[in-house]
Amino acid sequence: MLEEIAIENLGVIRAARVPLADGLTVITGETGAGKTMVLTGLGLLMGGKADPAAVRPGADGAVVEGRLRVAAHPGVAARVDEAGGEVDDDGTVVVLRTVAAAGRSRAHLGGRGVPQAVLAEIADELVTVHGQADQLRLRTAAKQREALDSFAGPDHQDDLDTYRAAWSERAGLQAEIDDLTARAAERAREAELLRLGLAEVERVDPQSGEDAELTALVGRLGNAEQLRVAAQEAHDAVAGDDVETAGSAVEAVERARRALEAAAADDPTLGGHATRLAEAGYLLADVATELSSYVDDLQADPAGLETAHARLAELTTLTRSYGETIDDVLRWASDAGLRLLDLDDGGERLAGMRERTAELDAELAGAAERLTTGRRKAAEALSDAVTQELSGLAMKGARLVVDVAPADEPGPWGADQVAFLLEPHPGAPARPLGKGASGGELSRVMLAVEVALATARVEAGAGAASGRAAAPLPTFVFDEVDAGVGGRAAVEVGRRLAVLARSTQVVVVTHLAQVAAFADSHLVVTKSTPDGGADGDPDDRAGVTVTGVREVTDDARVRELARMLSGQEESATARQHAVELLESSTVGR
């Protein structure tokens, strides 16, 4: 709901604060006082187009600030957060709109600059404006269908939820079926390539690490003579007869050890070195033994080398196609096997999905039939309720026709298309809302529709046993709803606005006292034309109209109603009539 609007330098309004309470708030004032500017300010807050011409003459720009209560609208609060704004701790958010006289406009939501379209999104959930120059909440077939579904009650909503869940599941399955069908040839080619690859890997039967082992073996067998000569020379140098050194390394180390041990008696330090030389001797002896064994075991094996080369060639063929190493090839084979199972299972999955789709088609057909039955029943009740309301709104003989017809094809909301049509008088053809009716008549039609929907919503909420929480109604703003009516019809307009205001916030701009008498809060737009400020304030220039907004209560409200009735706020007769209107408006409320 709207808590307040603050306006600066917009049209004739220099500075005004418009408090908006729960229930029914009426805005009145003399013609030309600036009531339209209040609605213009509201329109700016709701993402409407900015007009630089609306900026007050002499001002650099106009500012409109509003505070919206969004605690009961989690979707709106989430959108504010998504836009980077912040909801205050009390569940409200500040909306700011500035319009420069040069033509630029800026919007802020919760302290963060946002595109104008974001405010329009927020407004679509929070505020509905009905007026001659404004869009209708029920302007589209989709909105009219949603309104009818809401009117039909919680059981119908449960049927709709069931249908939509089945529709969503079927749509997902059909997308998978279409994908599998379209890619059948591609999947078959992929499966065949996987089978060929897996068959090749199975034939070769590589073992983990085998490629590295074979590479080492090929290197050893291919250079057997060079390896034997090198190992023999090393062995002779360490433990055998070395022509060049005339002795072995083992013997040289042993001689050095004995020499140090003989001298250790004179210097113990040499004894430590002797011990280390003994350790080196043991190590050299071990190396000599191993080299001798290596030479004895190393034999030329041409057949073994050829076999190793052939095996390595097979493994190389695999690594060229399926991985850099044999371990990579084995991992590919494991993944390919799983993928092949999935591809081979495609036919069975496709059959299963088609079977489930057929089941869902049957469920959807039954659910759609229930929805159609519920909508037709609700359409008749809504038509009667609105028509009855219209009779008391100076539109006797007019009838709202809620048409439920088969849609061209089923959709996510069922198999029906819904249209709200108006018969302006008996025998006249039913025409879509907004065609064939004046602005004032259209506002009254929408008032009748909103009252009927709100009444049904309240009754359904009071008697609901399913625990379904109804989404809060938006704030309704009516302009020119009383155009062309007076007397008893005007009283009925006010009464119905008061009924609607029991379940939601309603703001009405009116020029009829019979309507204003039903208000919970009465705001008056006043204007004055200064002769010129003595203090030189540019806003007090002579001939520049200044508008303000004030709330009236008690005697001040009686005077305003008297003015609206006769134009003479001090007239005793008008004041008495105003008192009677206020008293009569409270009866039955």
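The legends below describe three close-up views of a predicted model.

**View 1. Surroundings of T28 in strand β3**. In this predicted model, T28 belongs to strand β3, which covers residues 24-29. Because its relative accessibility is 0%, T28 counts as buried, the cut-off for that class being under 20%. Leaving aside residues up to four places away in sequence, T28 touches K35, and its other contacts are T510, A516, H522, L523, V524, V525, E560 and M564.

**View 2. Pairing of strand β4 with strands β1 and β5**. Strand β4, made up of residues 61-69, runs antiparallel to strand β1, residues 2-10, and 6 bridges join the two. Within this pairing, A6 has E65 of β4 as its bridge partner. Strand β4 also pairs with strand β5, residues 92-100, again in the antiparallel sense and over 9 bridges; here the bridge partner of V64 is R97, which lies in β5.

**View 3. The largest cavity and the residues that line it**. The structure holds 1 cavity of 30 Å³ or more, and the space in the largest cavity comes to about 50 Å³. Its lining is formed by I5, L20, I27, V38, L39 and L42, together with V477 and V507. Helix α1, which spans residues 35-45, gives the most to this lining, with 3 residues. By residue class, the lining of the largest cavity comprises 8 nonpolar residues, with no polar and no charged ones.

Technical notes
Residues numbered from 1 in each chain as written. Predicted model: local features only at pLDDT ≥ 70, side-chain atom pairs only at ≥ 80, totals over all residues. Heavy atoms only, no water. Helix = DSSP H or I, 4+ residues; strand = E, 2+ residues; numbered from the N terminus. Buried < 20%, exposed > 50% of the residue type's maximum accessible area, 1.4 Å probe, protein only. Contact = heavy atoms within 4.5 Å. Pairing = 2+ DSSP bridges. 1 Å grid on protein atoms, 1.4 Å probe; cavity = no way out; pocket = protein on both sides within 12 Å on 5 of 7 lines; lining within 4 Å. Points joined across faces, edges and corners; volume = space filled by probe spheres on them. Nonpolar A, V, L, I, M, F, W, Y, C, P; charged D, E, K, R; others polar.
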